[in-house]
Structures are given as structure tokens and as C-alpha cells.
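Me: I am new to this structure and would like a close look at one helix and what lies around it. Could you take me through that part slowly, and then place it in the rest of the chain?

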Amino acid sequence: MSHTRTHNIHITQYGTRLKKKDEIANFRGKEEYELGDFTLALDKLSKDLTCELTGKDDYEFGDLSTELDSRVKSAVSTFCGKDAYEVGDLSSEVDRRVKERVAEFTGSDEYEFGDITKEINNRRKEWMTSFLGEENAKNYVFGDLTKTAISNFTGKEDYEFGDVTKKLLGNVFGKRKRGGGN
């Protein structure tokens, strides 16, 4: 990069910095920027926004925390269906809702540890019985599901290498006569 081009970039960057300093000085109601103005501008801006959020005219230390705490407690009270927040409301409500959903899923009135696992296992057994048949489900050996799925897909009881490919090609291209004849 040429010296002139580098010099022009620095002038542009310097001009941009000056413009930003002018904007900060303007925001503070001053003619010129002074060291620390940016920090003071941010401080004023954050206090003004906090007053806007809280509805107060003057900022006091802790206003933002107090307002956020109040809003969170209000949201939790609404979520829990209560008029006022009490410590532990959110945990209790989440626990109640989870137990309710588990009871719906398992068909049981009360939740006990392990209910979900038991229900999933029962549903898996029912599905395997419906897919493999009762006798095969009782005597299930690893791989039986795959064998049954392939047998159902190919229409053959015993699998031979290439059966799946032949079935797929047959589905795509249909039955073809060998030798290219009619």
C-alpha cells in the first residue's frame, strides 16, 4: 500500500474519531469533548433509560435491580397462577407441571421415580410384539427387528446378499426381461 493511501486512511479514521467526539460532546451539552465524557455520557444514558423503565423521575442506586426483580416475580406469579410471588413458587410449579405430564404419559395418578422408564419399556414391548409377533417378541435376539424389517421389505423369508438392492431397483424400474427381447 502506498504511503499516500495509508496517510489518507489515517486521516479518515481521525476524522471519524473527531466526529464521534463531537457527538459525545453534543450529547453532554458541551462545545468540546474532554477525557471522561464518554463514560459520563454512558452513565447518564443508562440512568435515563432506567428511569424510563421504572417510571421514576430521578435515578437512585439499585433502581434497575429492584425493577427487574419486581418484573421477574410478577412473571413467575402469573406463570404459577398466584397473586403474589413467594420463594419457591417457580420450583414448585415446574415440579407440579412435570409430574402432571408424566402422569398423563404413564396413565398413573401419582408419579414415582422410574415411571417414565417403565412406560417406555412397556410401549417398546407392545410395539415389538405387534411388529415381530408374540412368539418372536418373547424369544427376541439382537438383530430380529432388522431381519423382520428386511423380510417385510423384500417379501422373502430368508435374506441373501443383494436382496435389498434388487428390491429397490425393481421398485424403481419394474420387472425387466433379460436379453433385451420382447
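Reply: Just after helix α3, the residue G81 takes a positive phi of about 75°, and this is a convenient place to begin, with the helix on one side of G81 and the next stretch of chain on the other. Please keep in mind throughout that the model is a predicted one, and that the values below are computed from it.

The helix that ends just before G81 has 18 residues, and from its first C-alpha to its last it reaches 26 Å, which is close to the 26 Å expected at 1.5 Å a residue. Within α3, the buried residues are D63, E67, V76, S77 and C80, and what covers them includes helices α2 and α4, the latter spanning residues 89-106. One of these buried residues, C80, has a relative accessible area of 13%, and since buried means under 20%, C80 falls on the buried side of that cut-off. Another cysteine, C51, is also buried, at 12% relative accessibility. As for bonds between cysteines, the count of disulfides comes to 0, so C51 and C80 are not joined by a pair of sulfur atoms within 2.5 Å.

The charged residues of α3 offer another view of the helix. Side chains of opposite charge can pair when their charged atoms come close. In α3 the pair to look at is D69 and K73, which form a salt bridge whose closest N and O atoms are 3.0 Å apart. These two residues, D69 and K73, are 4 residues apart in the helix, which spans residues 63-80, and that puts about one helical turn between them. Neither partner counts as buried, because D69 is partly exposed at 39% relative accessibility and K73 is partly exposed at 33%.

If you continue past G81, you come to K82, which forms a salt bridge with D89, again with the closest N and O atoms 3.0 Å apart. Here the two partners differ in their surroundings, because K82 is partly exposed at 31% relative accessibility, whereas D89 is buried, with a relative accessible area of 9%. Helix α4 covers residues 89-106, and further along the chain from D89, the residues E93, R96, R97, E100 and R101 are linked in a network of salt bridges.

On the other side of α3 in sequence is α2, which covers residues 37-54 and holds a salt-bridge pair of its own, K47 and D43, set 4 residues apart, or about one turn of the helix. The side chains of K47 and D43 meet at 3.1 Å, N to O, and both residues are partly exposed, K47 at 30% relative accessibility and D43 at 34%. Helix α2 also takes part in a nonpolar surface patch of about 460 Å², made by F27, F38, L42, L45 and L49, and α2 gives the most to this patch, with 4 residues. The patch member F27 lies in helix α1, which spans residues 3-27, and F27 is partly exposed, with a relative accessible area of 40%.

It remains to place this part in the chain as a whole. There are 8 helices and 0 strands, and from the N terminus on the elements run α-α-α-α-α-α-α-α. Across the chain the count of salt bridges comes to 20. Buried residues make up 15% of the 182 residues, and the chain exposes about 15300 Å², with carbon and sulfur atoms supplying 54% of that area. Among contacts with a separation of 6 or more, residues 24 or more positions apart account for 0%. Far along the chain from α3, one buried residue is T148, at 17% relative accessible area; T148 lies in helix α7, residues 144-154, and, leaving aside residues up to four places away in sequence, T148 touches F131 and L132.

Definitions and conventions: Residues numbered from 1 in each chain as written. Predicted model: local features only at pLDDT ≥ 70, side-chain atom pairs only at ≥ 80, totals over all residues. Heavy atoms only, no water. Salt bridge = Lys/Arg side-chain N within 4 Å of Asp/Glu carboxyl O. Buried < 20%, exposed > 50% of the residue type's maximum accessible area, 1.4 Å probe, protein only. Patch = residues over 30% accessible without salt bridge, like charges linked within 9 Å, V, L, I, M, F, W, Y side chains within 5 Å. Areas by Shrake-Rupley, 256 points an atom, 1.4 Å probe, with all protein chains shown as cover. Contact = heavy atoms within 4.5 Å. Expected span 1.5 Å × (residues − 1).
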